[in-house]
Amino acid sequence: MRFFFVVACAMALTTSLALPVSFAESDERSTAAAAPSLLSRYHARGSMTCDNVPRVCRANGIPGPDCCKKQCVNVMTDNQNCGQCGKKCRFGQACCGGSCVNVMYDPKNCGGCNKRCKKGSFCQYGMCSYA
């Protein structure tokens with residue numbers, strides 16, 4: 001019985017160590033398929049960032065078209081880079097259209113971006129006309 005337990009643990013450990021490698025390889029293959037000409041030039045040196053290659057932020061599946069500190073972001077919706085690189089929204093705020101707004105009390109963005117309350121109602125606790 002103890003032998004089977006040891007074998008099962010060894011198999012589980014082997015499987016858990018092998019899976020991240022296969023995910024990394026498949027992710028690398030999908031990136032290579034998206035931009036083969038860029039990868040052939042820059043991937044070998046490991047320096048393919050948006051600082052070096054700005055158009056990498058325009059590929060499919062990338063978070064946004066803007067480059068901030070070597071990361072692709074969307075400054076219109078990113079709470080850490082709202083409107084410009086490095087401008088962080090405060091607690092309780094969200095980045096809506098490049099501006100930090102309080103979604104708990106803003107009638108134009110009540111509970112989330114572009115969730116407008118009906119005319120004459122107010123926004124409280126992220127809900128329109130909360131009793």
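Two strands count as paired when DSSP finds at least two bridges between them, and this idea will be needed at one of the stops below. The model you have open is a predicted one.

**The whole chain**

Begin with the protein chain displayed as a cartoon, in which you can look for 2 helices and 6 strands. If you follow the chain along its sequence, these elements come in the pattern α-α-β-β-β-β-β-β. Now switch to a surface view: the protein chain exposes about 9800 Å², and carbon and sulfur atoms supply 58% of that area. Buried residues make up 23% of the 131 residues in the chain. Among the contacts between residues at least 6 apart in sequence, 0% join residues that are at least 24 apart.

**The hairpin of β3 and β4**

Next select residues 93-96, which form strand β3, together with residues 99-102, which form β4. The two strands run antiparallel and are joined by 4 bridges, and one pair to pick out is Cys96 with its bridge partner in β4, Ser99. β3 and β4 form a hairpin with 2 residues between them, and in the turn you will find Gly97, whose phi is positive, at about 65°.

Stay in β3 and select Gln93. Is Gln93 buried, partly exposed or exposed? It counts as partly exposed, because its relative accessibility is 26%, a value that falls between the 20% and 50% cut-offs. Leaving aside residues up to four places away in sequence, Gln93 touches Asn79, Cys100, Val101 and Asn102. If you draw a distance from the C-alpha atom of Gln93 to that of Asp106, which is 13 residues away along the chain, the separation is 10.0 Å.

**The nonpolar core**

Now select Cys50, Val53, Val56, Cys57 and Cys72, the 5 residues of the largest nonpolar core. Within this group, Val56 sits in the loop between α2 (36-42) and β1, and it is classed as buried because its relative accessible area is 12%, which is under the 20% limit. The C-alpha atoms of Val56 and Asp66 are 9.8 Å apart in space, while the two residues are 10 apart in sequence.

Which residues does Cys72 touch, if those up to four places away in sequence are not counted? Its contacts are Cys50, Val56, Cys57, Ile62, Pro63, Gly64 and Asp66.

**Lys70, between two strands**

Move to Lys70, which is placed in the loop between β1 (66-68) and β2 (71-73). Lys70 is exposed, because its relative accessible area is 53%, over the 50% cut-off. Its backbone also deserves a look, since the phi of Lys70 is positive, near 65°, although the residue is not a glycine. Most residues other than glycine have a negative phi.

**The nonpolar patch on the surface**

Finally, return to the surface view and select Met104, Tyr105, Tyr125, Met127 and Tyr130, which together make a nonpolar surface patch of about 500 Å². One of these, Tyr105, lies in the loop between β4 and β5 (123-124), and it is partly exposed, with a relative accessible area of 45%. Another member of the patch is Tyr125, found in the loop between β5 and β6 (127-128), which is likewise partly exposed, at 43% relative accessible area. The phi of Tyr125 is near 60°, a positive value in a residue other than glycine.

Conventions. Residues numbered from 1 in each chain as written. Predicted model: local features only at pLDDT ≥ 70, side-chain atom pairs only at ≥ 80, totals over all residues. Heavy atoms only, no water. Core = buried A, V, L, I, M, F, W, Y, C linked by side-chain atoms within 4.5 Å. Buried < 20%, exposed > 50% of the residue type's maximum accessible area, 1.4 Å probe, protein only. Contact = heavy atoms within 4.5 Å. Patch = residues over 30% accessible without salt bridge, like charges linked within 9 Å, V, L, I, M, F, W, Y side chains within 5 Å. Areas by Shrake-Rupley, 256 points an atom, 1.4 Å probe, with all protein chains shown as cover. Salt bridge = Lys/Arg side-chain N within 4 Å of Asp/Glu carboxyl O.
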